[in-house]
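Colleague: Could you take one part of this model and go through it closely, setting it in its surroundings as you go? I would like a connected account rather than a list.

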Amino acid sequence: MPDINWSQQILNGLFAGSAYALFAVGYTLIFGVLDILNLAHQAIYMLGAFCALVLVTGNVAGLGPLPGGVKLPFWLATILAMLVAGLLGIVLDRIAFAPLRGRPDTHFSGMISSIAMALIFEALATWFFLPQRSQFPLGTIPGGAITIGQGALSYSRLLVIVAALVLVVLLTALLRFTKLGKAIRAVAENPKAARLLGINVEAIYSFSFFLSSALGGAAGIFYGLAISRLDPTMGRTVELKGLAVIILGGMGSVPGAVLGGYLLGLTEVLSVALTNTSNYRDAIAFILLFLILVLRPSGLLGARRVREA
Amino acid sequence: MFGESVRNLMAINALLALSVYLTLACGQLSLANAAFMGIGAYVGTVLTLQAGWPFWAVVLAAVLVPMVVAVIVGLPTLRLRGVFLAIATLGLGEVLRVIIINLGATGGAEGISQIPVKTQGWHLILALLVALYLTWRLRGSRMGYAFEAIREDETVARTLGINTTGYKLIAFVLSAALAGLAGVLKAHLLHAITPGDYGFVQAVDMLTFAVVGGSTIFFGPVLGAVLLTALPEVLRTDFLRDLTNLQAGWQTLMLNGVILLLVILFLPNGLTSLFTRQWRRPTPLASEQAGAEVVT
């Protein structure tokens, strides 16, 4: 067996897993509440990252500098970009999903219309931000690293892990302890009963999209910063991983998405370490997805039976 | 009206659209058709260049291999209902790309060039006619009704004694065969293939053909493929070239997205629903409407 620096591998796995988990909780939230698969989530992830980049650099690559020469510090840009991503999520819902609600084939056509929206978002991003690779300027956050055991973790990667933890805890608290969270869970359980109880179901749908997309945008920002790579197709690889993660964890389950994210991250890193090649890294997600569909289709933490679409 | 190359492309795209139609007709969204097309193209090309097989045997192999892969992927995913096929098939394309890039025989990321041109115009016409005949015969057959029943309501279909998993698998495997056929024919027409030709964009293109044409009647996908293949050519004429500038990349993506979105929102049964009103999918039963989450 090759000489493996285990602390480093585990840190790498935690880093990748945090990014996957943060991306996937947005997926799973929409699936839990509306029973639909939002295939434009990856485009929101990409747009969130670019939005933060624009606010930090004060420049839109394809169009020129922002009016007034605004340049924001990273933390403020992140918050604003998450808000923008959340609003884009509401727009996405109004355009691609709301008109289809009530149609008998709403799940099916919703997937297609969200694919269409993903194409449109990607086209806009290619226009505004140009197709080539962009990155956050050096010094956006301090460049150092912490060491744990024999492993090193740069601040930007540490930020991904911390941000994922904080945001997921906040989301869980919101869902579990607030009245709004209770309303979301009620709508997820049964929209008709929820409406009879006086819950504004459409508003809950919009808010769920806002939450899901803001988290997806955050995943794009932090991961894009950590790997220094932003481009209009950056969402496509993470999309598959996000889907594998929510199936792994159980569709609609937030803790499941987190568990699935870390499992996938660690498995990927382990496979690279053991085989000494990263060539097949991107295929791991599919293999896990396939295994779980064969062995336990409801996912590791999925309590509900397999749902009908 | 159009040049030979455009007509050939129309025929290939029509085959691809029919391949997507087969799964849609059964109520399944498969995003693996581009991957099956890629498998057909690569299997065919490698057999032609490295094994020197005759063309008919190459085509046969390029049809059979995707069918085998479809059985392997389809068995675990199709016994489940809902979105699992879409997810698993989305993944298949990614895995295929990874495998092709890492295998020696496939030429890695650069792909394979200098493939001898073996596909004749009549091959394409013949393939399309056979595919059309089969999908036409499907309608009104026992299997066709089973597909329709599954699309309308899988639970009811199963209650009626229809082997839903079996029929979904048949649709998926047949669709893989057609995609493989289109892939091998296209590879032997255009000299060169690369792994990038069979990714997400190609998958969505094919889906757009089928959805725009209409997926509830067999000639809808062909209509969609022909129209959408012709569209860039029409827009590229002198008059419109300056207005649209379709070469720039993102505009094509945007156009595809907007067309797909508009059709799914306003013409859910595609263009064919405009003039096949009497064959349209019946309005949902009252019970079904009550079961749907109607939100107004």
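What follows is a close look at one pair of packed helices, and then at the chains around them.

Modeller: The model is a predicted one, and the part I would choose is the pair α3(B) and α4(B), whose axes lie 9 Å apart and pack at an angle of about 150°. Because an angle over 145 degrees counts as roughly antiparallel, α3(B) is roughly antiparallel to α4(B). The crossing in which α3(B) passes α4(B) is right-handed. As for the residues that make this contact, α3(B) brings B:Val73, B:Thr77 and B:Leu78, while α4(B) answers with B:Phe84, B:Leu85, B:Ala88 and B:Leu92. Sorted by class, the contact of α3(B) with α4(B) has six nonpolar residues and one polar residue, and no charged residue takes part.

The two helices also belong to a wider setting, since chain B meets chain A through 40 residues of chain B and 45 residues of chain A. On the side of chain B that touches chain A, α3 (55–78) and α4 (84–102) each supply at least two residues, as do α9 (200–213) and α12 (250–266). That side of chain B has 28 nonpolar residues, together with eight polar and four charged ones. The helix pair can therefore be read in two ways, as a contact between α3(B) and α4(B) that is roughly antiparallel, and as a contributor to the side of chain B that touches chain A.

Chain B itself has 13 helices and zero strands, so that its elements, followed from the N terminus, are α throughout. Of its 296 residues, 51% are buried, and of the contacts in chain B between residues at least 6 apart in sequence, 79% join residues at least 24 apart.

The partner, chain A, has 11 helices and four strands. Its C-alpha trace spans about 60 × 55 × 35 Å along the principal axes, and its radius of gyration of 19 Å agrees with the value near 19 Å that a compact globule of 309 residues would have. Buried residues account for 53% of the 309 residues in chain A, and among the contacts in chain A with a separation of 6 or more, 76% are between residues 24 or more positions apart.

Key: Residues numbered from 1 in each chain as written. Chains lettered and ligands numbered in written order. Predicted model: local features only at pLDDT ≥ 70, side-chain atom pairs only at ≥ 80, totals over all residues. Rg over C-alpha atoms; globule rule 2.2 N^0.38 Å. Buried ≥ 20, exposed ≤ 12 C-beta atoms within 10 Å, placed from the backbone. Contact = placed C-beta atoms within 7 Å. Nonpolar A, V, L, I, M, F, W, Y, C, P; charged D, E, K, R; others polar. Axes fitted to C-alpha atoms, helices over the stretch in contact; angles between N-to-C directions. Parallel < 35°, antiparallel > 145°, perpendicular 65-115°, else oblique. Left-handed = near helix turned anticlockwise from the far one by under 90°.
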